[in-house]
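Student: Could you walk me through this one and show me how the labels are earned? I'd like to hear the reasoning behind each word.

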Amino acid sequence: MHEITILSGKGGTGKTTITAALTALADSAVICDNDVDAADLFLLLQPTVLENGVFTSGWTAHINDSDCSQCGLCFEHCRYKAIELKDGSYHINPFSCEGCRLCERLCPQEAITSTPNSGNQWFLSDTANGPFVHAQMGPGEENSGKLVSFIRRKAAQEAKNRKARYLLSDGPPGIGCPVIASLTGTHQVLLVIEPTQSGWHDAQRLISLIRNFNIPISAVINKSGINQMVEQEVEQGLKRANIPLLAKIPFSRVAREAMLAQKTIVDYAPQSEAAIQIRRAWNYLAQRAQE
């Protein structure tokens, strides 16, 4: 099983749209949506859920009013200011609590208990393009990096069970913890770059991060044509970094129309220039996977 992770330096580059199109081209693939903080690949793949479960991670403390002696130790020592004094009683703000459990250990009355957070869910679904592992984070939930690692393991196991040739992972944007969790152990990265000043700046930060993992990188320019000057700068920068530019996907109405139809670009307009360019990128990725 060969894992290809699709990443971008910032949100809004069209990374998920391109990932969805690649899933339509890959035969024998398992799909994983690692962008758990803003998961939306399901909108194009229209999955049918087969299995689901709860992902628990982190802790939230609670104060039992009947046991609390109002000594204030927890209030004094909480470095996150999660404990508040209201109407003469101490309460814990669950959105501020970081789950360190220090207050629980300090309380002389043992009036504070911690419970694991269980607001995240994972799903194993079926789609027209193959099995799909994805997740949904609850409001205010954290530890998205751990959730990414969890669903990647499930996707890899599913690929092993089905003897799938590829694992296609739609990674999160940026360079944070969820991105690092997406990179660890993947076989190659496809970088989606938007030809704008912010798009190229953030792509360079991401390239620096990926280099630390010694993972092969290739790139596509999406929304080609919106800024010729920056686009030339991107091409020159990729050439200096020895990163293959696989395709230049034009800025056109096709992507918007395909999304409105809830289809991938290659399914909606297979003869369009965008579909041709995406197909060219996939041919390179698939060939690299066989090396």
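**Spaces, rings and burial**

Tutor: Sure, let's start inside: the largest cavity holds about 130 Å³ of space. Keep in mind that this is a predicted model.

Student: What makes that space a cavity?

Tutor: A 1.4 Å probe fits there but cannot get out, so the space counts as a cavity. The closest residues to the centre of the largest cavity are Cys78, Ile83, Cys97, Cys100 and Cys103, out of 17 that line it.

Student: Which helices supply at least two residues each to that lining?

Tutor: Those are α3 (73–77) and α4 (102–106). The largest share comes from α4, with 3 residues.

Student: How do the residues of that lining divide into nonpolar, polar and charged?

Tutor: You get 12 nonpolar, 2 polar and 3 charged. Cys counts as nonpolar, so each Cys in a lining goes into that group.

Student: How many cavities of 30 Å³ or more are there?

Tutor: The structure holds 2. The second largest has a volume of about 60 Å³, and its lining includes Ile63, Cys68, Cys71, Tyr90 and Ile112. That lining has 8 nonpolar residues, 3 polar and no charged.

Student: And the largest pocket, why is that called a pocket rather than a cavity?

Tutor: A pocket is an open set of points, whereas a cavity is one the probe cannot get out of, so the two words tell you whether there's a way out. The largest pocket has a volume of about 530 Å³. It is lined by 28 residues, and Thr13, Gly14, Lys15, Thr17 and Met259 lie nearest its centre.

Student: Which element gives the most to the lining of the largest pocket?

Tutor: That's α1, with 4 residues. Other elements that give two or more include α2 (42–45), β12 (217–224) and α9 (253–260). By class, the lining has 12 nonpolar, 10 polar and 6 charged residues.

Student: Back to α1. What makes you say that helix α1 is largely enclosed?

Tutor: Helix α1 covers residues 15–25, and 9 of its 11 residues are buried, so the rest of the structure largely encloses it. Among those buried residues are Lys15, Thr17, Ile18 and Leu22.

Student: Why is Phe55 called buried?

Tutor: Its relative accessible area is 10%. Buried means under 20%, so that value qualifies.

Student: And why is Phe150 called partly exposed?

Tutor: Phe150 has a relative accessibility of 21%. The partly exposed range runs between the 20% and 50% cut-offs, so Phe150 belongs there.

Student: How do you know that Arg153 is exposed?

Tutor: Arg153 has a relative accessible area of 54%. Exposed means over 50%, so the label holds. You'll find Arg153 in helix α5. Arg153 and Leu102 are 51 residues apart in sequence, and their C-alpha atoms are 31 Å apart in space.

Student: Phe55 and Phe150 are said to form an aromatic pair; what makes that pair tilted?

Tutor: There are 4 aromatic pairs by the rule used. For Phe55 and Phe150, the rings are 5.1 Å centre to centre, with 45° between the planes. Centres within 6.5 Å make a pair, and an angle that's neither under 30 degrees nor over 60 makes it tilted, so both words fit.

Student: Which parts of the chain does the pair tie together?

Tutor: Phe55 is in strand β3 (residues 48–55) and Phe150 is in helix α5 (residues 144–162), so the pair ties together parts 95 residues apart in sequence. Ring pairs also bring in Trp122, making a cluster of Phe55, Trp122 and Phe150.

Student: How do you know that the charged end of Lys154 sits over the ring of Trp122?

Tutor: The charged end is 4.2 Å from the ring centre. The distance limit is 6 Å, and the charge must also be within 35 degrees of the ring normal. Arg101 does likewise over the ring of Trp59, 4.0 Å from its centre.

Student: Let's zoom out. How is the chain divided into domains?

Tutor: Domain 1 is 2–56 + 119–290, and domain 2 is 59–116. Their C-alpha centres lie 41 Å apart. The chain has 11 helices and 13 strands, and 49% of its 291 residues are buried.

Key
Residues are numbered from 1 along each chain as its sequence is written. This is a predicted model: local features need pLDDT of at least 70, side-chain atom pairs count only at pLDDT 80 or more; totals for chains, interfaces and linings use all residues. Side-chain values use heavy atoms; hydrogens and water are left out. Domain bounds come from an automatic or database domain assignment. Buried means under 20% relative accessible area, exposed over 50%, partly exposed in between (1.4 Å probe, protein chains only). On a 1 Å grid over the protein atoms alone, a cavity is a set of points where a 1.4 Å probe fits but cannot get out, and a pocket is an open set with protein on both sides within 12 Å along at least five of seven lines; lining residues have an atom within 4 Å of a point. Grid points are joined across faces, edges and corners, and a volume is the space filled by probe spheres set on the points. Rings of Phe, Tyr and Trp (its six-membered ring) pair if their centres lie within 6.5 Å; planes under 30 degrees apart count as stacked, over 60 as edge-to-face and the rest as tilted.
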